[in-house]
Amino acid sequence: MTTLLIPLDRSAASQAALPVAEWLARGLRADVVLLSIGELAETSTQAAEGDAEKARVFESAMPHFKGLTVRCRSETAEGPAAAILRTVDEEHIDLVVMSTHGKAGTTQVAREEIADEVIDAGVVPVTVVRYQNEA
């Protein structure tokens with residue numbers, strides 16, 4: 001059994017990985033784990049907003065994986081790479097499919113560093129989809 005992990009957030013960049021992940025999942029007849037990583041909420045209002053945002057992220061991704069086994073997982077972690085690597089271990093992931101940016105900038109650099117950390121850990125193959133912002 002093959003299982004793919006797709007880390008997601010609300011950005012267009014993370015959504016760019018979905019078509020590639022879908023193609024791989026269908027071709028490999030793989031199960032899919034969608035991962036949303038959030039920050040620890042300080043108030044119940046923040047927690048509710050975070051839960052609603054995660055639900056929207058998962059809902060927007062689900063149409064790509066119709067007919068496949070999909071699990072949605074939310075993590076609150078000290079860092080996104082750590083959450084991804086913990087999920088890889090706990091869910092017995094065979095391949096991570098994630099996006100990164102093709103241009104420099106604060107959030108783009110952060111996303112690139114997350115991908116680098118996951119790749120450098122060397123625990124599982126990583127397919128990186130480069131997001132090219134048209135703006």
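A residue is called buried when its relative accessible area is under 20%, exposed when that area is over 50%, and partly exposed in between. With these words in hand, the structure above, which is a predicted model, can be read from its inner strands outwards.

**Overall layout**

The secondary structure of the chain consists of five helices and five strands, and along the sequence these follow the pattern β-α-α-β-α-β-α-β-α-β. The chain has 135 residues, of which 38% count as buried.

**The strands β1, β2 and β3**

Strand β1, which covers residues 3-8, is largely enclosed by the rest of the structure, because six of its six residues are buried. The side chains of this strand are divided between two directions: T3, L5 and P7 point one way, while L4, I6 and L8 point the other way, and all of them are buried. Strand β2, residues 31-38, is mostly covered too, with seven of its eight residues buried.

These two strands run parallel and are joined by six bridges. Within this pairing, T3 has D31 of β2 as its bridge partner, and P7 has L35 of β2. Strand β2 also pairs with strand β3, residues 70-76, again in the parallel sense, and this pairing extends over seven bridges. Here V32 stands opposite V70 of β3.

**Salt bridges around β3 and α4**

The model contains seven salt bridges, and the table lists some of them with the distance between the closest N and O atoms.

| Salt bridge | Closest N and O atoms |
|---|---|
| R71 and E91 | 3.0 Å |
| E75 and R73 | 2.7 Å |
| R73 and E90 | 2.2 Å |

In the pair of R73 and E90, R73 lies in strand β3 and E90 in helix α4, so this salt bridge ties together parts that are 17 residues apart in sequence. Salt bridges that share partners join R71, R73, E75, R86, E90 and E91 into one network.

The pair of R71 and E91 forms a salt bridge with its closest N and O atoms 3.0 Å apart, and it links distant parts of the chain, since R71 is in strand β3 and E91 is in helix α4 (residues 80-91), 20 residues away.

How covered are the members of these pairs? R73 has a relative accessible area of 13% and is therefore buried, whereas its partner E90, at 42%, is partly exposed. In the other pair, R71 is partly exposed with a relative accessible area of 31%, while E91 counts as buried at 19% relative accessibility. As for the pair of E75 and R73, both residues are buried.

**Helices α1 and α5**

Residue A12 lies in helix α1, which spans residues 12-15, and because its relative accessibility is 47%, A12 counts as partly exposed. Although A12 and Q132 are 120 residues apart along the chain, their C-alpha atoms are separated by 9.8 Å.

Which residues gather in a patch of negative charge on the surface? The patch is made up of E113, D116, E117 and D120. One of these, D116, lies in helix α5, which covers residues 106-121. D116 has a relative accessibility of 36%, so it counts as partly exposed.

Technical notes: Residues are numbered from 1 along each chain as its sequence is written. This is a predicted model: local features need pLDDT of at least 70, side-chain atom pairs count only at pLDDT 80 or more; totals for chains, interfaces and linings use all residues. Side-chain values use heavy atoms; hydrogens and water are left out. Patches are made of residues with over 30% relative accessible area and no salt bridge: like charges are joined within 9 Å, nonpolar side chains (Val, Leu, Ile, Met, Phe, Trp, Tyr) within 5 Å. Accessible areas come from the Shrake-Rupley method with a 1.4 Å probe; for residues, only the protein chains shown count as cover. A salt bridge is a side-chain nitrogen of Lys or Arg within 4 Å of a carboxyl oxygen of Asp or Glu. Lys and Arg count as positive and Asp and Glu as negative; His and the chain ends are not counted. The place of a charge is taken as NZ of Lys, CZ of Arg, CG of Asp or CD of Glu. Helices (H or I, at least four residues) and strands (E, at least two) are DSSP runs, numbered from the N terminus. Buried means under 20% relative accessible area, exposed over 50%, partly exposed in between (1.4 Å probe, protein chains only). Two strands pair if DSSP finds at least two bridges between them.
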